[in-house]
Amino acid sequence: MIEESRIVQMPAQLVAAIHIDTPRSRIQEVMGPGIQEAMAAARDQGVGPVGPWFAHHLKVSRERFDLDICIPVSSPVKPTGRVKSAERPAMRVVRTVYRGPYEGLGDAWHEFEKSIQDQGLNTAGDMYECYLVGPESSQDPADWRTEFCRPILD
């Protein structure tokens with residue numbers, strides 16, 4: 001279901017970001033418009049996207065999603081609407097890639113968390129989910145690839 005995890009150094013990355021705090025039941029209603037709004041700001045300002053978009057999950061709970069939608073950009077975006085300029089800091093992370101439909105993300109995260117625990121790694125409470133290949137690239141969910149990263153605490 002997921003690739004073998006690896007520890008990697010991620011570089012800092014400027015992003016156009018929109019904060020979303022919503023009940024889990026509403027995520028499908030708010031995610032698409034948020035992605036479109038952040039993408040539009042990056043494109044309209046001529047600064048991106050310069051890579052695949054990602055979600056920075058700030059807090060994880062069974063009831064809510066508290067995350068930033070992040071569009072990689074080449075220079076800071078000027079704030080517009082809900083879009084703000086932000087930066088993902090450089091960090092060491094444990095990383096894996098899940099291949100398959102979005103309905104399998106929850107199970108894949110559980111598998112990844114177990115592998116982190118089995119390795120004895122100490123990770124931060126936040127996590128990153130980067131959408132490398134999705135429905136915008138392929139109609140076949142078997143082709144979709146989602147990168148999972150957890151920052152490592154030293």
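1. A pocket, as used here, is an open set of grid points where a 1.4 Å probe fits, with protein on both sides within 12 Å along at least five of seven lines. The model under review is predicted. In this model, the largest pocket holds about 1,200 Å³ of space.

2. Who lines the largest pocket? The lining counts 29 residues. Nearest the centre lie Phe-65, Tyr-102, Leu-105, Glu-129 and Tyr-131. Five elements give two or more residues each to the lining: helix H1 (27–44), strand S3 (54–60), strand S4 (64–72), helix H2 and strand S7 (127–133). Helix H1 supplies the largest share, with 6 residues.

3. What is the make-up of the lining by class? Nonpolar residues number 14, polar residues 7 and charged residues 8. Glu-129 is among the residues nearest the centre of the pocket, and Glu counts as charged.

4. Helix H1 deserves its own check. It has 18 residues. From first C-alpha to last, H1 reaches 25 Å, close to the 26 Å expected at 1.5 Å a residue.

5. Which residues of H1 are buried? They are Ile-27, Val-30, Met-31, Gly-34, Ile-35, Ala-38, Met-39, Ala-41 and Ala-42. These residues cover an arc of only 160° around the axis, so they sit on the same side of H1. The spacing has a simple background. An α-helix has 3.6 residues a turn, so residues three or four places apart point the same way. On the other side of H1, the exposed residues are Glu-29, Gln-36, Arg-43 and Asp-44.

6. Asp-44 belongs to helix H1. Its relative accessibility is 68%. Asp-44 counts as exposed because that value is over the 50% cut-off. In sequence, Asp-44 and Val-77 are 33 residues apart. In space, their C-alpha atoms are 9.8 Å apart.

7. Now the charged pairs. How many salt bridges does a search of the whole structure find? The search returns 8. Three of them are taken up below, starting with Glu-147 and Arg-95. The closest N and O atoms of this pair are 2.5 Å apart. Glu-147 sits in strand S8 (residues 145–151) and Arg-95 in strand S6 (residues 91–99), so the bridge ties together parts that are 52 residues apart in sequence. Both partners are buried.

8. Strand S8 also takes part in a second bridge, through Arg-150. Arg-150 pairs with Glu-113, with 2.6 Å between the closest N and O atoms. Glu-113 lies in helix H2 (residues 105–119), and the two partners are 37 residues apart. Are the two partners buried or partly exposed? Arg-150 is buried, because its relative accessible area of 7% is under 20%. Glu-113 is partly exposed, at 27%.

9. The third bridge joins the side chains of Asp-118 and Lys-114, at 3.0 Å from N to O. Both residues belong to helix H2. They are 4 residues apart, so about one helical turn separates them. Asp-118 is exposed, with a relative accessible area of 56%. Lys-114 is partly exposed, at 47%.

10. Helix H2 ties several of these points together. Residues of H2 help line the largest pocket. Glu-113 of H2 bridges to Arg-150 in strand S8. Asp-118 and Lys-114 form their bridge within H2.

Conventions: Residues are numbered from 1 along each chain as its sequence is written. This is a predicted model: local features need pLDDT of at least 70, side-chain atom pairs count only at pLDDT 80 or more; totals for chains, interfaces and linings use all residues. Side-chain values use heavy atoms; hydrogens and water are left out. A salt bridge is a side-chain nitrogen of Lys or Arg within 4 Å of a carboxyl oxygen of Asp or Glu. Buried means under 20% relative accessible area, exposed over 50%, partly exposed in between (1.4 Å probe, protein chains only). On a 1 Å grid over the protein atoms alone, a cavity is a set of points where a 1.4 Å probe fits but cannot get out, and a pocket is an open set with protein on both sides within 12 Å along at least five of seven lines; lining residues have an atom within 4 Å of a point. Grid points are joined across faces, edges and corners, and a volume is the space filled by probe spheres set on the points. The expected span of a helix is 1.5 Å times one less than its number of residues. The arc is that of the directions from the helix axis to the C-beta atoms.
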